[in-house]
Amino acid sequence: MELLATYGWNSHFAQHLGADGGMPVRVISEQRGLYRAVSASGELPVELSGRLRFDAAGPRELPAVGDWLAVRLSPDGRIGLAVRVLPRKSVIARGTAGRPAQEQILAANVDTAFVVTTVDRDFNPRRLERYLAMIWSGGARPVILLNKIDLHPDHAGLLAQAGLAFPGVDIHALNALHGRGLDPLREYLKPAHTSVTLGSSGVGKSTLLNRLIGQDLQRLGDVRASDQRGRHTTSSRQMFLLPNGGLLIDTPGLRELRLGDAAPGLSRTFADIGTLSTRCRFRDCRHTDEPGCAVLEALHDGLLARSHYDNYIKLLKEQEYQRRREDPAMKANAKRRWKSVHKGLRFVQKLKRGEE
Ligand SMILES: Nc1nc2c(ncn2[C@@H]2O[C@H](COP(=O)(O)OP(=O)(O)OP(=O)(O)O)[C@@H](O)[C@H]2O)c(=O)[nH]1
Ligand SMILES: [Mg+2]
Ligand SMILES: [Zn+2]
């Protein structure tokens, strides 16, 4: 069992394996439905049993990198046949609310999710907010990594800005290319702990992995100056064992992050708005134009950043849009509501100008 423990096997998963549970393995890579996994005696390819494939209601019920599976060995003992995905402790999933078929599981059983961004064009607080929402709602801990600080003379300013925008989230500045600023990351990359790097293509996720491993295992993408897209980019998700015992999943860059069912995460990202809203007069206050709204009041008093509030409203709007596509009955309702959002915003602007 030693190798399994190295890969994070513990009593939680053992308990779910049960007596006739088959052999436990952890998925370390997946490419077009082909899986590789680690068992107590080493690496092996894994195929899905027909039952697992056909019983799955959507991608969420199929194995992803980081998953623990119960497998049966083929007669020659060389291939694992996955019969069951063991219950996950956390999941990184992107997709569309209410549309399980369009969901994509990026990683499973992750302790820490590093959101990698850079000091150049990639830096975008609104996008970071989406990542945080996705990570929190899946039960993992987000950490923001501000990479390529060698490219920006005032990265300290950006770091401070990010710190203000995301109170309570660890943020580290680094230069993955030259291996600077990596020491603080050891705190997350402890033996048997699993981390994943997420972020746009070309931000340096694979570079970071290579530095931490101390070998150039992952091919890097050259960044084209014209559009900042990587050329030799990572094309599949893969888990690596670091020299100090931590596990790190490298992922391909995400072009677009759809929010999916991240409502619980959303409320964490906007914890300040959540706290304020406990003082709103109405319990179902939407903080747009309701009388006695503590959120609008804070906005008016300058205690809440306008951009942060705007992001909150935008994300809510997007979520609602996605849900509305599933449910025509909500359409009329939502239209009315967003009318009032705009009315509310005009109201706030008036307040600011002292017109009311
Ligand atoms: N100047 C500078 N360049 C960096 C740094 N980190 C990575 N790079 C460069 O950025 C380019 C892209 O890095 P990758 O590690 O391939 O990026 P990635 O996030 O893995 O990209 P995808 O696999 O496409 O998602 C490479 O040319 C790296 O050398 C850094 O700290 N500073
Ligand atoms: Mg990469
Ligand atoms: Zn309110």
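**A tour from strand 9 to the nonpolar cores**

Begin by selecting Phe114 together with Val143 in this predicted model, and you will find Phe114 standing opposite Val143, a residue of strand 9. Now widen the selection to the two strands themselves: strand 8, which covers residues 112-118, pairs with strand 9 in the parallel sense, and seven bridges are found between them. Strand 9 runs over residues 141-147, and if you look at how well it is covered, six of its seven residues are buried.

Next, add helix 4, residues 125-137, to the view, since strand 8, this helix and strand 9 together make a right-handed β-α-β unit. From strand 9 you can then follow the chain through helix 5, residues 155-165, to strand 10, along a β-α-β crossover that is again right-handed. Strand 10, residues 170-173, pairs with strand 9 in the parallel sense over four bridges, and selecting Ile144 and Ile171 shows a place where residues of the two strands stand opposite each other.

Now turn to the interior, where the largest nonpolar core has 52 residues, with Val46, Leu69, Ile92, Val196 and Leu198 making the most contacts inside it. Helix 4, which you already have selected, gives the most to this core, contributing six residues, while domain 1 (2-87) and domain 2 (92-250) each supply at least three.

To explore one member of this core, select Ile92, whose contacts beyond its neighbours within four places in sequence include Leu106, Ala113, Met134, Val196 and Leu198. Finally, move to another core that lies apart from the largest one and has 18 residues, among them Ala176, Leu208, Leu209 and Phe240.

Notes
Residues are numbered from 1 along each chain as its sequence is written. Chains are lettered from A and ligands numbered from 1 in the order in which they are written. This is a predicted model: local features need pLDDT of at least 70, side-chain atom pairs count only at pLDDT 80 or more; totals for chains, interfaces and linings use all residues. Side-chain values use heavy atoms; hydrogens and water are left out. Buried means under 20% relative accessible area, exposed over 50%, partly exposed in between (1.4 Å probe, protein chains only). Two strands pair if DSSP finds at least two bridges between them. A crossover is right-handed if, with the strands pointing away from the viewer, the path from the first strand over the helix to the second runs clockwise. A nonpolar core is a set of buried Ala, Val, Leu, Ile, Met, Phe, Trp, Tyr and Cys residues joined through side-chain atoms within 4.5 Å. Domain bounds come from an automatic or database domain assignment. Contact means heavy atoms within 4.5 Å.
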